[in-house]
Amino acid sequence: MVRLGTGIGWRPEIADDIARLPGIDWVEVVAENICPDHVPDALRLLRERGTTVVPHGVSLGLGGAERPEPGRLRALAERAEALGSPLVTEHIAFVRAGGPLTASPSIEAGHLLPVPRTRDALDVLCENVRIAQDALPVPLAVENIAALISWPGEEMTEGQFLAELVERTGVRLLIDVANLHTNHVNRGEDPAKALDELPTSAIAYVHVAGGVEKDGVWHDSHAHPVTQPVLDVLAELCARTAPPGVLLERDEDFPAAGELAGELDAIRAVTAAGTAEPVTAAGAAEAATAARTGDEAAAPVRTPGEADEVDAANEADEADVPAPEAPLPEAPVPDAVRERLALAQTALLSALVGGTPPPEGFDRRRLRVQSAALTAKRASVIAKVAPELPEILGTGYRPAFARYAEGRPMTGGYRRDALSFAEHLLADGRPDDSAARRRLTLWWQERSGPAPLPSHPAARFARRVRLALSGGR
């Protein structure tokens, strides 16, 4: 297993801070945000300094009923090769549903949704993971996700589900301790039990992130400081094994560099302690800073020959660890199994983003919370993809988007979604302010393009809007 050390999620907004932070051994990048032919200069400079870069995918949908799309697998492989990465990672989740298996339109979640812990879902996941492993040039690790909702009729705990996945595929694990805490609050699952059931030797690295609790529901926001309960779960994990790498995730509301450094120090202290004893964030930061900047006399100075002996001894210790047995080949998953999973996932996603009735057995209140969270995230991503929209619409942007999204699933990605939102507003004679409406019209005309549209109802509606806005030409 590659020893990664302490890392941080690389984001353009904090690229300068990351370059200056002490003790950053590696970074993780969202794979879909990187173009292999145009790696950002800040990321390229980190690589030249010897910093390891790991691509982290979010769109494969390995837990979905369909087999992984070859194009998405090629894209992930290209990023691993362009970044010289020792491994790639993805999620145990589904992100889209519908399509050929259900003879219904494909719809996107815009988010990572939980896979039911059933035999059917595990069979499909195992086959999808093996397909991905065969297509990737480096090892794959898969991450446990946070969830607001639970599937009815589950047959395994999370630990059992992950353990069997590893046994059957040989895949590595990316364990997110913040997600274990999230599932403890939202689904009553014991993080310690999950850790006891995990094959810890398969852990490739660990995620640590912040979140926030609202009305008894924990939101894995990646936009808040790491909390004490999450550090406690990290300590529980470190009491069982020494993880090869630990990474701090932060995606929004980025704090000052000093606050990031403090959180990294807290993480270092917990991993260095290797104990389940509670470690406060303040105490951990103090201990880690002292360890990083303390008395040099405390560290033994070795000659080159002695260093070689130590390296050789470490290699010998690692050689004593037996290599995992290769998983046995399995028969292909029957189409009927994939179809059952597809119908179940489509029913759930349709209820969350399409306004259809909730499937039987789900907590309706939690479904409403999850649906609202998906809409809010969708609006946030659209605001990043098309920042002109919230600028044109002002404070009315989010209420207008919420009305648009109700019963309208995303079907063609965020850029297509932004155009559809603008089309919806303009066809309805909005915004009310004529100057804002003209600006929105120009924005839409510049981006809608002359390509012919398909013949389904939504496309015909978009064509009528385009003709109306262009005066029928």
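This passage describes strand pairing, aromatic contacts and the packing of two helices in a predicted model.

Near the start of the chain as numbered, strand E1, which covers residues 5-9, pairs with strand E2 in the parallel sense, and the pairing extends over 3 bridges. Within this arrangement Gly-9 stands opposite Glu-28 of E2. Strand E2 is mostly covered, since 5 of its 5 residues are buried. The side chains of the strand are divided between two directions: Trp-26, Glu-28 and Val-30 point one way from E2, whereas Val-27 and Val-29 point the other way, and all of these residues are buried.

Aromatic residues provide a second view of the model, in which 7 aromatic pairs are found. In one of these pairs, the ring centres of Trp-26 and Tyr-205 lie 4.6 Å apart and the ring planes are set at 70 degrees; planes over 60 degrees apart count as edge-to-face, and the pair is therefore assigned to that class. The pair links distant parts of the chain, as Trp-26 belongs to strand E2 (residues 26-30) and Tyr-205 to strand E9 (residues 203-209), with their positions 179 residues apart in the numbering. Both Trp-26 and Tyr-205 are buried.

A further pair is formed by Tyr-397 and Phe-401, whose ring centres are 6.2 Å apart and whose planes meet at 35 degrees, so that this pair is classed as tilted. Here the two partners lie in one helix, H15 (residues 397-405), where they are 4 residues apart, or about one turn of the helix. Tyr-397 is buried, and Phe-401 is buried as well. These two residues also belong to an aromatic cluster, which they form together with Tyr-404 and Phe-421.

The packing of two helices was examined as well. Helix H12, spanning residues 335-353, packs against helix H13, spanning residues 364-385, at an angle of about 70 degrees, and the two axes are 8 Å apart. Because angles from 65 to 115 degrees count as roughly perpendicular, H12 and H13 are described as roughly perpendicular to each other. On the side of H12 the contact involves Leu-348, Leu-352 and Val-353, while on the side of H13 it involves Leu-367, Gln-370, Ser-371 and Leu-374. Sorted by residue type, the contact of H12 with H13 comprises 5 nonpolar and 2 polar residues, and no charged residue takes part in it.

Key
Residues are numbered from 1 along each chain as its sequence is written. This is a predicted model: local features need pLDDT of at least 70, side-chain atom pairs count only at pLDDT 80 or more; totals for chains, interfaces and linings use all residues. Side-chain values use heavy atoms; hydrogens and water are left out. Axes are lines fitted to C-alpha atoms, for helices over the stretch in contact, and angles run from 0 to 180 degrees between N-to-C directions. Angles under 35 degrees count as roughly parallel, over 145 as roughly antiparallel, 65 to 115 as roughly perpendicular and the rest as oblique. Contact means heavy atoms within 4.5 Å. Ala, Val, Leu, Ile, Met, Phe, Trp, Tyr, Cys and Pro count as nonpolar, Asp, Glu, Lys and Arg as charged, and the others, Gly among them, as polar. Rings of Phe, Tyr and Trp (its six-membered ring) pair if their centres lie within 6.5 Å; planes under 30 degrees apart count as stacked, over 60 as edge-to-face and the rest as tilted. Buried means under 20% relative accessible area, exposed over 50%, partly exposed in between (1.4 Å probe, protein chains only). Two strands pair if DSSP finds at least two bridges between them.
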